[in-house]
2 protein chains.
Amino acid sequence: MESKRLGGQTIILKNRPKIISNSSIVGQKESQGPLGEFFDIVMPDNLWGEDSWEKTECRMLKEVCERAIEGANKKNTDINYFFAGDLLNQIMTANFTARTLGIPFFGLFGACSTMTESISLGAIMVDGGYADNALCATSSHFCTAERQFRYPLEQGTQMAPTGQWTVTGAGAVVVSNEGNGPSITHITTGKVVDYGIKDVNNMGAAMAPAAVETIKAHFEDTGRNPQDYDLIVTGDLGRFGRELTIDMLNKEGYDIASRYIDCGCEIYGEEQDVQSGGSGCGCSAVVFSGFILKKIEEGELNRVLMGSTGALLSTTSTQQGESIPGIMHLVVIEKGEG
Amino acid sequence: MESKRLGGQTIILKNRPKIISNSSIVGQKESQGPLGEFFDIVMPDNLWGEDSWEKTECRMLKEVCERAIEGANKKNTDINYFFAGDLLNQIMTANFTARTLGIPFFGLFGACSTMTESISLGAIMVDGGYADNALCATSSHFCTAERQFRYPLEQGTQMAPTGQWTVTGAGAVVVSNEGNGPSITHITTGKVVDYGIKDVNNMGAAMAPAAVETIKAHFEDTGRNPQDYDLIVTGDLGRFGRELTIDMLNKEGYDIASRYIDCGCEIYGEEQDVQSGGSGCGCSAVVFSGFILKKIEEGELNRVLMGSTGALLSTTSTQQGESIPGIMHLVVIEKGEG
């Protein structure tokens, strides 16, 4: 059997699975940022008529999944696998959404790296002939994350300068073996990297080494360099993490600065009082499905190296004095032929 | 490209990836049960010299992973992907283990269904030529799970008759495209099923409908029936869930009783005061890697339908009055040729 391994951490998808549809939803704050116009649905407020923020997040994820399926002209029964996860303990948002959709389900946890984790696995299933269609999705909600990981919202805690604001948003894509849309050509899967950062208010620094490690592995495995990409994207490193990533990759001999964005830096304006930027599974999910995919479809971008970055911590690990490891998964997206 | 889909929820792995090594570790209580002799390592106590149970669980998972890699005569760098998850919030046990191992990592959350979830994905990666070797593992620890999901251990809370005891155990297997060992031939991926059970002390009832649904789907997709298997296994339904599963499948026309075991019923003796039986990711992980795989290797079993069952709940979902959906993933394991 023919190997699809390029070596190292990278595989090549010779059948070039297509992203045939996408959907994104955000909250008010995200709609007021520089990318606001690109998102498909904007919620009127953080509750959207539900009686808990957790229910709202479930409805957000369900909504983008159903719209992505509909946008692909498919029914739920046409989708062979659903890959999803979220930030909440035991990924309850994804579990309840999988219950509603009734699609065979692989639950994931990759913290904020979940979008490219789900796309990686969905694309492999399609490329290998194990699935005709796979649905890949994730979500986060400022209010559910804040009260689970940090403080009661009622407390009105101030953010540290290196802190990041959890994006209220969900994104979903359908990956398919037929149809039109951007192709997924390579997958570079991340290792867990830990530089010993223990500051939960500086997750950009915790995740930057993982971003650097996976990007470097990708270039080494493929023989490519930054100039081979129109855009290189990380998930939610924020302003500090983004600068760290540029510096660290420079030292490795890769200059990405002129073609590099971090979703966490793009989603909010500087006037929006979010300190270092956005974070959360939803951050790279909505920037990718709302903005980047549309720019590829419109022909403004031809080849994108897309990464989502995750900081791996729990309240227990933090209370026990553990450091915060990070991970990043990369996928290469190209404008489809013809 | 040739489809590997049998239809419905089942795929066939034509390259028959092999389980070339396995490793299991348990605590004292599990070592005193009927399967005690089959487990590779028995910890002297619940802490094993660490200063928190969470650290102990990390060491357990690391230990079985390293032993499985060693048992396969491989080095960490020979393993292309690590698929793992656990019960703890944000799967910190698996994250820290992935950090130690340095293998490209896909984090999973499937609650107690994680063992067959990880094997499903690892086997697909190998079968499709995306990996030469994949490491698939999971763990649970009575003390970390009890204090996260239920009560402080110091409180000495009594168990309900339908309650189940979280197994202290971890299991790991290496799936490979060459070498000797039992083959993985089919994968039936579960949907999330919810019959509205809200009793956190009756997770067998919450999971049984998911077990029934996936087993039924497997028989329908493959055209097989219970007689085609030497053994049909579910993960941790316990005594009540096991009976429910037999009854519900009988009503669907499938009589599995004479060839069916539940890992949660097998791992502890009736005198061990565990009420309805064992549970936790480690339950099916150690029974599968410690007991079932050895029985296949010894030739006592030729073809096994192996499922791990997960109850999808968090303390937040329970406090908010949500019901407990379940999921089960099935893999077919056959004695290797030659």
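**Exercises on a predicted two-chain model**

The largest nonpolar core of this predicted model has 220 residues, and the residues with the most contacts inside this core are Leu135(A) and Leu135(B). The exercises below start from that core.

**Exercise 1. The surroundings of Leu135(B)**

Determine which residues Leu135(B) touches, not counting residues up to four places away in sequence.

Solution. Begin with the general expectation: nonpolar side chains in soluble globular proteins tend to be buried together. Next, list the contacts. Leu135(B) touches Cys65(B), Ala68(B) and Ile69(B). The list continues with Ile79(B), Phe82(B) and Ile103(B), and is completed by Ala172(B) and Val174(B).

**Exercise 2. Helix α5 of chain B and the loop after it**

Identify the buried residues of helix α5 of chain B, state what covers them, and decide whether Pro161(B) is buried or exposed.

Solution. Helix α5 spans residues 142–149 of chain B, and its buried residues are Phe142(B), Thr144(B), Ala145(B) and Gln148(B). Their cover includes α2 (53–71), β7 (133–140) and β8 (165–166) of chain B. Turn now to the loop between α5 and β8 of chain B, where Pro161(B) lies. Pro161(B) has 10 C-beta neighbours inside 10 Å and therefore counts as exposed. Leaving aside neighbours within four places in sequence, Pro161(B) is in contact with Gln275(B) and Ser276(B). The C-alpha atoms of Pro161(B) and Gln275(B) are separated by 5.2 Å, although the two residues are 114 residues apart along the chain.

**Exercise 3. The fold and dimensions of chain A**

Describe the secondary structure of chain A and assess its compactness against the globule rule.

Solution. Chain A contains 10 helices and 15 strands. Its radius of gyration is 18 Å, close to the 20 Å given by the globule rule for 338 residues, so chain A is as compact as a globular protein of that length. Along the principal axes, the C-alpha atoms of chain A fill a box of roughly 55 × 50 × 35 Å. Of its 338 residues, 62% count as buried. Finally, consider the contacts in chain A with a separation of 6 or more: residues 24 or more positions apart account for 79% of them.

**Exercise 4. The two domains of chain A**

Establish how domain 1 and domain 2 of chain A meet, and find which element gives the largest share of the domain 1 side.

Solution. Chain A is divided into domain 1 (14–176) and domain 2 (184–334). Their centres, taken over C-alpha atoms, are separated by 18 Å. In total, 51 residues of domain 1 are in contact with 52 residues of domain 2. Among the elements that give two or more residues to the domain 1 side are β3 (18–26), α4 (114–127) and β9 (169–176) of chain A. The largest share, 8 residues, comes from α4(A). By class, this side has 25 nonpolar, 20 polar and 6 charged residues.

**Exercise 5. The relation between the chains**

Determine what rotation superposes chain B on chain A, and characterise the side of chain B that touches chain A.

Solution. A rotation of 180 degrees with 0.0 Å of shift along its axis superposes chain B on chain A, with an RMSD of 0.0 Å. This is the relation of a two-fold axis. Within chain B, Leu108(B) comes closest to the rotation axis, at 2.1 Å (C-alpha). At the interface, 51 residues of chain B are in contact with 51 residues of chain A. On chain B, β5 (81–86), α3 (92–101), β6 (105–107), α4 (114–127) and α10 (315–319) each supply at least two residues. This side divides into 23 nonpolar, 20 polar and 8 charged residues. Since 100% of the interface residues of chain B are also interface residues in chain A, the copies meet through the same surface.

Terms used: Residues numbered from 1 in each chain as written. Chains lettered and ligands numbered in written order. Predicted model: local features only at pLDDT ≥ 70, side-chain atom pairs only at ≥ 80, totals over all residues. Contact = placed C-beta atoms within 7 Å. Helix = DSSP H or I, 4+ residues; strand = E, 2+ residues; numbered from the N terminus. Nonpolar A, V, L, I, M, F, W, Y, C, P; charged D, E, K, R; others polar. Buried ≥ 20, exposed ≤ 12 C-beta atoms within 10 Å, placed from the backbone. Core = buried A, V, L, I, M, F, W, Y, C linked by C-beta atoms within 7 Å. Domains from an automatic or database assignment. Rg over C-alpha atoms; globule rule 2.2 N^0.38 Å. Least-squares fit on C-alpha atoms with pLDDT ≥ 70 in both.
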